[in-house]
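Q: Please give me a close look at one helix packing in this model. Then work outward from it to the surrounding parts.

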Amino acid sequence: MKVLVTGGAGFVGSHACKALALSGHEPVVYDNLSRGHRDAARFGPLEIGDTADKTRVREVLERHRPDAVMHFAAFAAVGESVENPLLYYRNNVTGSAGLLEAVTEFGPLPFVFSSTCATYGVPDQVPIGEDHPQRPINPYGFSKLFVERMLADLGASHRLPWVALRYFNAAGSDPDGEIGERHDPETHLIPLVLEAARGGAPIQIFGTDYDTPDGTCIRDYVHVMDIADAHLRALDYLIAGGASGAFNLANERGHSVKEVIAAAERVCGRTVPVKIGARRAGDPPALVGTAARARAVLGWTPTRSGLDVQIADAWTWLRSRNR
Ligand code: UFG
């Protein structure tokens, strides 16, 4: 299959492209390179453009005639979304609307969307299942929820077949070290902890007064290659006529910020310098998911999502870049 991959030069998108290519598919990357990296788009052709630019999307669809779409292109930093909400609504919501307009006119093509557990907000209970109410507490979460809503509406109005994959915290890197996590500026915990382990700035813990066992936030970290694998499964599922809907991608285990730091010290054999800071706005205390639906319906089983493996792969990537 030929698959149009928006945001295919970004972190999760580039890993999905690698997984597609390894499975004999052809990813066509559509990316404006505002945050993605040209050299990460190495598994198929690269078309530069904005998702909001419907005419350009249409031109790329006509040129490549893909069988399906995977939509990753989005800004994904919770803190930034709180500081600059319109950036998120414009890029994530308006951008998705342009893309979806072009895709429904052209197709409609099976559509796999990169969604997030940030659409749930502060959970009533953990683990969080897909039927948990979606009440985001930051603009990033809202922006992704609005796109889920668009998909549901387009499913009804235009018979668009769609799957929304709600990832918990994507982490790790391609174990071959070919591609990896590279945000600029980096805001994510694991890469920053590893930078600190390498002698960079100390990692600042955002809040030690949460209602969690050690006072720091708990997240459910999932390996990016496992996430990429789920996208391929979602695609096969839709092509086989599976019903549209949402699936959590979670490892079903929560780790606190302090546990992540301790794991990094163990894996890297180095001390991680730490600074205690204030809470970051928009952070729920604990997010842990259940992926029972993805396991049962998509046959998805995470294989690299143990915390130490994710940290080890991220560590390999970080060191390979700085040799
Ligand atoms: N954290 C720190 N110090 C840092 C960076 C992060 O203590 O320097 C803490 C955060 O407060 C949070 C945890 O580490 O509790 C993880 O933070 P990340 O920034 O790595 O990830 P987020 O949980 O904020 O967000 C990520 C993705 C989102 C996704 C979300 C789902 O960026 O796209 O996971 O939980 F929606």
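A: In this predicted model, helix H8 passes helix H10 in a right-handed crossing. H8 covers residues 257-268 and H10 covers residues 307-321. Their axes lie 9 Å apart and make an angle of about 60°. That angle is why H8 counts as oblique to H10: roughly parallel would need under 35 degrees, and roughly perpendicular starts at 65.

Which residues of H8 and H10 make the contact? From H8 come Glu259, Val260, Ala263, Ala264, Arg266, Val267 and Cys268. From H10 come Leu307, Asp308, Ile311, Ala312 and Trp315. Sorted by class, this contact has nine nonpolar residues, three charged residues and no polar ones. The charged ones are Glu259, Arg266 and Asp308. Look at the spacing along each helix. In general, an α-helix has 3.6 residues a turn, so residues three or four places apart point the same way. Val260, Ala263 and Val267 of H8 can be read with that in mind. Leu307, Ile311 and Trp315 can be read likewise on the H10 side.

Cys268 deserves a stop, since this residue is in the contact. Its relative accessible area is 12%, so Cys268 is buried. Another cysteine, Cys217, is buried too, at 6% relative accessibility. How many disulfides does the whole structure have? The search finds zero. A disulfide is a covalent bond between the sulfur atoms of two cysteines. For Cys217, the closest cysteine sulfur is in Cys117, 12 Å away, and therefore too far for a bond. The cut-off for a pair of sulfur atoms is 2.5 Å.

Now step to a neighbour. The buried residues of helix H6 pack against both H8 and H10. They also pack against strands S7 (169-171), S8 (203-206) and S10 (221-223). H6 runs over residues 189-197 and is mostly covered, with seven of its nine residues buried. Those buried residues are Leu189, Ile190, Pro191, Val193, Leu194, Ala196 and Ala197. Just past H6 sits Gly199, with a positive phi of about 105°. Ahead of H6 is the loop from S7, and Pro185 is placed there. The peptide bond from Asp184 to Pro185 is cis, with omega near 0°.

That cis bond has company. Val126 and Pro127 are also joined by a cis peptide bond, with omega about 0°. Pro127 is in the loop between strand S5 and helix H5 (139-158). Most residues other than glycine have a negative phi, and most peptide bonds are trans. Two residues other than glycine go against the phi part of that rule. Arg159 has a positive phi near 55°. Its loop links H5 to strand S6 (162-167). Arg159 is exposed, at 72% relative accessible area. Glu252 has a positive phi near 70°. Its loop lies between strand S11 (245-249) and strand S12 (255-256). Glu252 is partly exposed, at 33%.

Next, two buried residues. Phe111 is in strand S5, residues 111-116. Its relative accessible area is 0%, so Phe111 is buried. What does Phe111 touch beyond four places in sequence? Its partners are Val69, His71, Leu99, Leu100, Val103, Leu151, Leu160, Pro161, Trp162, Val163 and Leu238. Phe111 and Val3 are 108 residues apart in sequence, and their C-alpha atoms are 9.7 Å apart.

His231 belongs to helix H7, residues 224-239. His231 is also buried, at 0% relative accessible area. Beyond four places in sequence, His231 contacts Met70, Phe72, Val112, Leu165 and Tyr167. Tyr167 and Leu165 fall within the span of S6, while Val112 falls within that of S5.

Finally, another helix pair to set beside H8 and H10. Helix H2 (residues 54-64) and helix H4 (residues 85-106) have axes that come within 8 Å and cross at roughly 40°. That makes H2 oblique to H4. The crossing of H2 and H4 is right-handed. H2 brings Lys54, Val57, Arg58, Leu61 and Glu62. H4 meets them with Gly98, Leu99, Glu101, Ala102, Val103, Glu105 and Phe106. This contact has six nonpolar, one polar and five charged residues. Leu99 and Val103 link back to Phe111, which touches them both.

Key. Residues numbered from 1 in each chain as written. Predicted model: local features only at pLDDT ≥ 70, side-chain atom pairs only at ≥ 80, totals over all residues. Heavy atoms only, no water. Axes fitted to C-alpha atoms, helices over the stretch in contact; angles between N-to-C directions. Helix = DSSP H or I, 4+ residues; strand = E, 2+ residues; numbered from the N terminus. Parallel < 35°, antiparallel > 145°, perpendicular 65-115°, else oblique. Left-handed = near helix turned anticlockwise from the far one by under 90°. Contact = heavy atoms within 4.5 Å. Buried < 20%, exposed > 50% of the residue type's maximum accessible area, 1.4 Å probe, protein only.
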